[in-house]
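Trainee: Could you walk me through this one before I set anything up?
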Amino acid sequence: MAQFDVSLVLPDTLYHGSTMGAIQGLRIKPINKEFWKDAKDFGAGFYTTIDLFQATTWARKPVVAMERLNKGTDPSAMVRSLPKDQIPVVAVYDCNSNLYTDNIILHDYRGESRAWAQFILSHRHSSTVDNCLCLNEFGWIHPHIACGLMADNDTGQIIEDFRSQGRDIHNRDDLEWFWTQIIRTREGRRLNGLELGDQIAFSAKL
Ligand SMILES: [Zn+2]
């Protein structure tokens with residue numbers, strides 16, 4: 001395997017979609033395990049993006065779910081009717097790695113690849129906030145920062161189908177099947193490259 005001598009520069013600004021109620025906590029301690037969830041694309045962590053529009057989409061997820069349930073209702077009226085702490089917001093972060101001296105393990109998944117799909121499958125299928133298969137499956141400890149494309153589609157449902165169809169995370173054909181599922185919209189449209197969206201996940205207290 002090729003060895004890369006890498007000089008990595010993180011973006012100056014990162015965005016995180018959330019709710020008004022979480023803002024105070026996000027200001028004080030953004031990388032906070034208390035709020036992490038099991039079975040995310042790159043494992044449990046604090047998810048950011050370089051794309052303001054993407055962060056807005058994350059923040060509006062609960063509103064979009066409400067819109068689906070209440071078809072025909074004016075979306076802005078729906079947002080106004082929310083309790084203040086549930087109003088969607090985007091937190092904007094200055095990212096300044098010069099302030100740190102830590103040794104940071106970072107995985108950067110450039111574009112679509114089997115390694116990218118496998119990393120997501122492993123974490124979507126078998127990770128919790130406290131555990132993942134990185135060490136056992138890949139021989140490395142879970143990266144402190146993981147960057148790359150997002151899995152699109154309804155990944156929770158895809159993983160359910162993966163299990164119910166008796167698929168195996170070690171089987172190459174099953175990995176290919178998973179890959180073909182996560183690069184489509186819910187409506188089945190093939191997404192190309194950056195259409196999948198960008199994410200940077202922080203999984204350690206830095
Ligand atoms: Zn992991």
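Mentor: What follows goes from the metal site to the overall fold and then to the nonpolar cores, and please keep in mind that this is a predicted model.

Trainee: Okay, which protein donors hold the zinc ion?

Mentor: The zinc ion has His123 through NE2, Cys132 through SG, Cys134 through SG and His142 through ND1 as its protein donors, and these lie 2.0 to 2.3 Å from the metal. Along the chain, the donors follow the spacing H-x8-C-x1-C-x7-H.

Trainee: And why does the arrangement count as tetrahedral?

Mentor: The 4 donor atoms subtend angles of 99 to 119 degrees around the zinc ion, and the arrangement is tetrahedral because of that. For reference, the ideal angle for four tetrahedral donors is 109.5 degrees.

Trainee: Is His123 buried or exposed? Same for Cys132, buried or partly exposed?

Mentor: His123 is buried, with a relative accessible area of 0%, whereas Cys132 comes out as partly exposed, at 28%.

Trainee: Switching topic, how many helices and strands are in the protein chain?

Mentor: The protein chain has 8 helices and 6 strands, and read from the N terminus the order is β-α-β-α-α-α-β-β-α-α-β-α-α-β. Its radius of gyration is 18 Å, close to the 17 Å from the globule rule for 206 residues, so the chain is as compact as a globular protein of that length. The C-alpha trace spans about 55 × 45 × 30 Å along its principal axes.

Trainee: What about contacts and surface?

Mentor: If you take contacts between residues at least 6 apart in sequence, 77% of them join residues at least 24 apart. The chain exposes about 12600 Å², with carbon and sulfur atoms supplying 51% of that area, while 37% of the 206 residues count as buried.

Trainee: Which residues touch the most other members in the largest nonpolar core?

Mentor: That core has 27 residues, and those touching the most other members are Phe42, Trp116, Ile120, Leu121, Phe178 and Ile182. The elements giving two or more residues to this core are α5 (114-126), β5 (145-149), α7 (155-164) and α8 (172-182). Another core, of 14 residues, lies apart from it and has Leu14, Leu26, Ile31 and Ala91 among its members.

Trainee: Going back to Ile182, what is it in contact with?

Mentor: Setting aside neighbours within four places in sequence, Ile182 is in contact with Trp116, Ile120, Ala151, Asp152, Thr155, Ile158 and Leu196. As general background, nonpolar side chains tend to be buried together in soluble globular proteins.

Methods
Residues are numbered from 1 along each chain as its sequence is written. This is a predicted model: local features need pLDDT of at least 70, side-chain atom pairs count only at pLDDT 80 or more; totals for chains, interfaces and linings use all residues. Side-chain values use heavy atoms; hydrogens and water are left out. Donors are N, O and S atoms within 2.8 Å of the metal (3.2 Å for Na, K and Ca); water is not among the atoms, so sites may look incomplete. Four donors count as tetrahedral if all angles lie between 85 and 135 degrees; four count as square planar and six as octahedral if opposite donors are over 155 degrees apart and all others between 65 and 115; anything else is irregular. Buried means under 20% relative accessible area, exposed over 50%, partly exposed in between (1.4 Å probe, protein chains only). Helices (H or I, at least four residues) and strands (E, at least two) are DSSP runs, numbered from the N terminus. The radius of gyration is taken over C-alpha atoms; the globule rule is 2.2 Å times the number of residues to the power 0.38. Contact means heavy atoms within 4.5 Å. Accessible areas come from the Shrake-Rupley method with a 1.4 Å probe; for residues, only the protein chains shown count as cover. A nonpolar core is a set of buried Ala, Val, Leu, Ile, Met, Phe, Trp, Tyr and Cys residues joined through side-chain atoms within 4.5 Å.
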